[in-house]
Amino acid sequence: MQPGAVATDLVATEEFPVTERRLLIIILAAGKGTRMLSAQPKVLHSIAGRSLLGHVMAAAAGAGAVRTAVVIGPGMDDVQAEALRHDSQAAIFVQNDQLGTADAVRAARSAIAEMGDSGEIVVLFGDTPLMSAATISKAVAALRSGSDSAVVGFEAADPTGYGRLITSAEGQLLAIREHKEASAAERAVRLCNSGVVAFRASGFLAVLDAIGNANAKGEFYLTDAIEIGRQHGRTASVVIATETEVLGINDRGQLAEAEAVFQRARRLAMMAAGVTLVAPETVYFGHDTVIGADTVVEPFVVFGPGVTVGQGVTIRSFTHLVGHDAKAKQGAAIGDKVELGPYARIRPGAVLGDGVHVGNFVEVKNATLEAGAKANHLSYIGDARVGAGANIGAGTITCNYDGFNKHKTDIGAGAFIGSNSALVAPVKIGDGAIIGAGSVIARDVAADALAVTRAPHDERANWASRFRQMMSRKKAAKS
């Protein structure tokens with residue numbers, strides 16, 4: 001389990017054995033997010049290198065969803081593609097008119113009907129990326145303990161604008177009252193609705209169909225299902241989450257706030273797992289960053305998605321590591337006792353063996369540096385293998401791209417590549433070979449050979465002084 005991960009497996013009970021679990025999670029992702037002032041839908045904005053929708057779908061999977069349904073708006077093909085990227089079996093539904101949350105859930109009616117009278121249904125929101133699998137599991141557990149529905153609530157520091165959870169003296173949930181429709185006494189309640197709600201599948205469609213549109217916005221509110229359910233003898237309970245966990249994203253400020261919450265939690269988890277962060281507030285992690293114990297991360301280091309780091313590694317300031325990007329799916333793997341940076345750039349497909357040194361202003365992409373290899377200064381290593389113990393001199397470039405295709409450079413174990421060399425791929429440098437500084441190598445070099453390609457040394461005595469005299473006379477003649 002990676003640092004900071006939470007175990008969220010539901011525990012089997014006599015009433016609900018593993019083989020009978022049926023959990024449908026419906027994710028509402030139809031909103032375009034106009035306050036984001038963005039060309040892309042709100043749920044495709046990212047935190048820690050993963051889309052908001054991706055975070056929610058990961059939480060759904062962690063809570064044990066057997067089926068996931070994602071409700072999108074018309075023409076949101078990019079949201080559909082993102083959902084299917086995270087779960088190829090997800091059911092996609094379109095909410096055409098977008099008349100509120102109950103209307104959105106009704107769009108997934110066929111998925112609900114498939115549940116029949118057994119199992120549970122949880123409704124999540126695609127713009128609430130910090131919701132944890134553990135909290136979803138607690139809501140499901142409340143159903144399995146006897147409640148017909150369970151709402152995730154939180155104590156708000158400032159409840160203005162939130163729906164209030166109205167409870168009985170015994171703690172049963174009686175109703176959810178939207179702020180605009182709440183009485184003065186109800187507005188004084190600080191227990192607020194996150195929007196996340198779980199229902200027993202049995203009888204849920206009847207309750208959903210009974211929801212009218214008699215509300216301030218003329219929309220169908222899923223929150224009305226609680227009060228309607230009580231009228232039909234259905235019980236409801238509240239599961240408490242933290243206010244930060246239920247933070248919804250509606251604008252860039254809230255996006256930044258959610259990023260900050262995620263990063264603070266991940267930094268604490270990393271340090272608790274034995275990673276030293278010299279200046280924690282300056283280090284940023286990807287959603288899936290894994291780092292081994294006794295690694296030291298200096299200030300201003302950024303980890304993108306898909307990076308795994310071993311034990312006892314030193315990552316110096318201003319190093320940037322990313323394992324996944326728009327074009328590549330392979331990760332970046334850093335072995336034990338590696339030294340990186342400062343100002344190193346590690347890109348997708350980089351594999352650094354134990355004891356490797358990658359120094360300042362060195363970029364590694366889709367390349368393997370085997371144990372003990374060194375590239376300490378100002379080099380680009382792309383689409384290459386660097387053998388164990390090889391040394392890459394300053395200014396070395398693997399010329400991997402011809403304008404149309406990428407080609408591979410293979411550097412043998414113990415080879416020494418002199419400074420300012422260009423290795424024109426495809427090319428192979430044998431074990432123990434030496435490349436003289438300033439060489440352009442476009443042909444294979446045998447093991448233990450020396451290869452040097454330089455223009456002849458041409459020295460002309462006193463040429464410089466005569467040149468300066470001539471130029472001085474010409475300049476004087478013009479003035």
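User: How are residues sorted into classes when the lining of a cavity is described?

Analyst: Ala, Val, Leu, Ile, Met, Phe, Trp, Tyr, Cys and Pro count as nonpolar; Asp, Glu, Lys and Arg count as charged; the others, Gly among them, count as polar. In this predicted model, the lining of the largest cavity has five nonpolar, three polar and three charged residues. Among the lining residues are F199, V207 and I226, together with D148, R230 and R234.

User: How many cavities of 30 Å³ or more does the search find, and what is the volume of the largest cavity?

Analyst: Searching the whole structure gives one cavity of that size. The volume of the largest cavity is about 50 Å³.

User: Which helix gives the most to the lining of the largest cavity?

Analyst: That helix is α8, residues 224–231, which supplies four residues.

User: How should burial be read along a helix, and is α1 mostly covered or mostly open?

Analyst: An α-helix has 3.6 residues a turn, so residues three or four places apart point the same way. A residue is called buried when its relative accessible area is under 20%. In α1, residues 52–62, eight of the 11 residues are buried, and the helix is thus mostly covered. The buried residues are L52, L53, G54, H55, V56, M57, A59 and A60. After α1 comes G64, with a positive phi near 95°.

User: Which residues form the nonpolar patch on the surface, and where is F318 placed?

Analyst: The patch consists of F300, F318, Y343, F361 and L378, which together have about 520 Å² of accessible area. F318 lies in the loop between β17 (314–315) and β18 (320–321). Its relative accessible area is 40%, so F318 is partly exposed.

Terms used
Residues numbered from 1 in each chain as written. Predicted model: local features only at pLDDT ≥ 70, side-chain atom pairs only at ≥ 80, totals over all residues. Heavy atoms only, no water. 1 Å grid on protein atoms, 1.4 Å probe; cavity = no way out; pocket = protein on both sides within 12 Å on 5 of 7 lines; lining within 4 Å. Points joined across faces, edges and corners; volume = space filled by probe spheres on them. Helix = DSSP H or I, 4+ residues; strand = E, 2+ residues; numbered from the N terminus. Patch = residues over 30% accessible without salt bridge, like charges linked within 9 Å, V, L, I, M, F, W, Y side chains within 5 Å. Areas by Shrake-Rupley, 256 points an atom, 1.4 Å probe, with all protein chains shown as cover. Salt bridge = Lys/Arg side-chain N within 4 Å of Asp/Glu carboxyl O. Buried < 20%, exposed > 50% of the residue type's maximum accessible area, 1.4 Å probe, protein only.
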